[in-house]
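Subject: Structure for your review

Dear colleague,

Please find below the structure that I am handing over to you. My notes on it follow directly after.

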2 protein chains.
Amino acid sequence: MSWGLENLPYGVFSRHEGETPRVGVRYGDHVVDLAGALHDEVFATGSLNAFMSRGPVAWRDTRTLIQNKLSTDRAVVEPHLVPLDQVTLHLPVEVADYVDFYCSLEHASNLGRMFRPDEEPLKPNWRHLPVGYHGRAGTVVASGTPVVRPSGQRGAGVFGPSAKLDIEAELGFVVGTPTALGDRAGRFEDHVFGVTLVNDWSARDIQAWEYVPLGPFLGKSFATSISPWITPLAALSEARVEGGRQDPEPLGYLRREEPWGLDLRLEISVNGEVVSRPPYRDMYWTPDQMLAHMTVNGAALRTGDLYASGTVSGSGPGERGSLIELTWNGTEPLKLPDGSARTFLEDGDTVTITATAPGPGGSVITLGEVSGRIEPSR
Amino acid sequence: MSWGLENLPYGVFSRHEGETPRVGVRYGDHVVDLAGALHDEVFATGSLNAFMSRGPVAWRDTRTLIQNKLSTDRAVVEPHLVPLDQVTLHLPVEVADYVDFYCSLEHASNLGRMFRPDEEPLKPNWRHLPVGYHGRAGTVVASGTPVVRPSGQRGAGVFGPSAKLDIEAELGFVVGTPTALGDRAGRFEDHVFGVTLVNDWSARDIQAWEYVPLGPFLGKSFATSISPWITPLAALSEARVEGGRQDPEPLGYLRREEPWGLDLRLEISVNGEVVSRPPYRDMYWTPDQMLAHMTVNGAALRTGDLYASGTVSGSGPGERGSLIELTWNGTEPLKLPDGSARTFLEDGDTVTITATAPGPGGSVITLGEVSGRIEPSR
């Protein structure tokens, strides 16, 4: 099955209104209620944060324990299996800080060509460091949360609902182990608990007007959706690859010690029709480099920090991770198989991002999907 | 006295190691232990957040109650007065999201001239909206926390401790009343609980290299210091002024309904010597406008959100709020009265920002100072 012992992503669920949400792992079409199955109250706290703060040894031991119980101790687990269709899934992580990077060479080049047509598409710093910025942690929402079309300034004296509402298909990394102020992070796998799919909704008209010189703000802060399931790094061992080739060689603190590129294949659907298949494996900056960069100045990490890759865009025509690239800023509308066309998102559209990775023994690891429907502006 | 009944700022203190920090108000040289004096456990929760989330009616009633008890019921309060020199002060607020604006016309113009000498100093959007961006909430620290000099990239292939470590003297606004995702904020005074002084430490060399096109990141994220005392808006009623004149007239959602400019006089000291006296009253964008802008796209507010004004710089020679402006990017060193000179900060330097405002009946409202000492890079 596609959600077997080799996968086991973590999420937060409730069985009825009013119940304090609890941590579970997905197993087939069920959720294992971990507080019950493992007799550990850390899983009854409403988010993954308390468990994640225990660190990498606890993460590994817990995964082994769950795998053992599910494979050899099934009768004991049985009472704690809840059918997936009987639960509500919640935001799995209490997000501390949210950082968004810009790690795809193709995406950064495409955006540069569109936003700054008279300049070199890449800024001089781009190949020297993973460019990133802080986003709004308080508007990170769980998959399924409706997204209200934002209003804002779209130019001097021009105000109204965004006419260029877009998506960004990204991979997010969830921090479990914190650092102290003034310290740098150690090994990637000692700090990062797992990954999630991210849709960094973007209002391109608001963004284009506001973003100089301090970066994107209201064009992004209205909503960022993530999967309800956090896939632990341990489930991605077969997906690890070298990551994109880098020229020039990065500075010492950014040198890759181990392969943390990830062979993930993403799919973006609009109203159920696939519009793009971005490959994650060739991203220029890998997540270990993002972590090293984010903390090289001594900035502390907290349990629950979320950082995202930036839009995943490949070099092929059907591999771009945003509508602004797929339609070249609206000049080449996308034909949907139902006969309609899209430049940017319309009210009522539903966007879903899915992803798979190679698992052990030829299996496939499926990531939790992230989905959202556009509601009209208020 | 200068911390009398008309002031009463809120802070979080502990009396001995291991005690869960408690909320108090400063009164003279004492802290009133509110959990004890008011018999309310909301003040025994380690931060101001639980109290702030009760909203503006509770803020007003609590202030009146404290004032009444201190003036007419002194014997009852007496056992709950703790001498200030017997307490440790903590970060008063659990910071949710941190946003930094850029609201001083003089500061934005000065930075534009230095960072982009070949262009108009102000970007085309600056007079149309309060430009802002998200900072790192997890590295907002209490006054007195040492600041480790950050290391980072200062150009292509150049790495090392920042050689241009700077300050930014700002006023911060603390949100008490949240909003739902998709909604806009209502009246400023219904959402904002109070103000704090902010030192937004800045590594100018790191910032200059990294900030295009997504804004400041590691040049800022290593530390942001705030006062231990949050001054409630009610203490600033006599300080309210119209705010700077605006041309062009802002769009409807940014129109000022009431005067929320504030006649605050800031002072910046380096190692005890005053180097600047920035006036807050003429800032171009007022805090009610920042709040309206920040939520016009439906971004939710959370209790504990902190947003800051950006560097407060006046038009006079001794009124600039950062060293990069006071020394014109290091080209005009600042002479300290002790005979030494500064371009940017040196290890061991202590920077302190203070502020006062007019209070009722000719009294003076003193804000809690924010101070920090530079430690060598690690």
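In which sense do strands β2 and β3 of chain A pair, and over how many bridges? Before the reply, please note that this is a predicted model. Strand β2 of chain A, residues 22-27, and strand β3 of chain A, residues 30-33, are antiparallel partners, joined over four bridges. Within this pair, A:Val25 is placed opposite A:Val32 of β3(A).

Both strands belong to an open sheet of five strands in chain A, with antiparallel pairing and the order β4-β3-β2-β1-β5. Its edges are formed by β4 (81-83) and β5 (88-89) of chain A, each of which pairs on one side only. Helix α3 of chain A, residues 56-72, packs on this sheet and touches β1 (10-14), β2, β3 and β4 of chain A. The direction of helix α3 makes about 65 degrees with that of β1(A).

Beyond this sheet, the UniProt record, an unreviewed entry, lists residues 99-356 of chain A as "domain: Fumarylacetoacetase-like C-terminal". Over residues 99-356, chain A is 28% strand and 14% helix, and the C-alpha atoms at the two ends are 24 Å apart.

The largest nonpolar core comprises 144 residues. Those with the most contacts inside this core are Phe173, Tyr280 and Tyr307 of chain A together with B:Phe173, B:Tyr280 and B:Tyr307. Leaving aside neighbours within four places in sequence, A:Tyr280 is in contact with A:Phe173 as well as with other residues, including A:Leu171, A:Leu262, A:Leu264, A:Leu266, A:Pro287 and A:Met290. A:Ser309 and A:Val312 are also among the contacts of A:Tyr280.

One loop position may also merit your attention. A:Thr327 is found in the loop of chain A between α9 (323-326) and β23 (334-335). This residue counts as buried because its relative accessibility is 0%, the cut-off being under 20%. With neighbours within four places in sequence left aside, the contacts of A:Thr327 are A:Glu332, A:Pro333, A:Leu334, A:Arg342 and A:Thr343.

Finally, I turn to the relation between the chains. A turn of 180 degrees with a shift of 0.0 Å along the axis lays chain B on chain A with an RMSD of 0.0 Å. The two copies are therefore related as by a two-fold rotation axis. In chain B, B:Gly215 has the C-alpha nearest the axis, 2.1 Å from it. The copies meet through the same surface, because 100% of the interface residues of chain B are also interface residues in chain A.

With kind regards

Note on methods:
Residues numbered from 1 in each chain as written. Chains lettered and ligands numbered in written order. Predicted model: local features only at pLDDT ≥ 70, side-chain atom pairs only at ≥ 80, totals over all residues. Heavy atoms only, no water. Buried < 20%, exposed > 50% of the residue type's maximum accessible area, 1.4 Å probe, protein only. Contact = heavy atoms within 4.5 Å. Core = buried A, V, L, I, M, F, W, Y, C linked by side-chain atoms within 4.5 Å. Pairing = 2+ DSSP bridges. Axes fitted to C-alpha atoms, helices over the stretch in contact; angles between N-to-C directions. Least-squares fit on C-alpha atoms with pLDDT ≥ 70 in both. UniProt positions renumbered as here; feature names shortened; annotations may be inferred.
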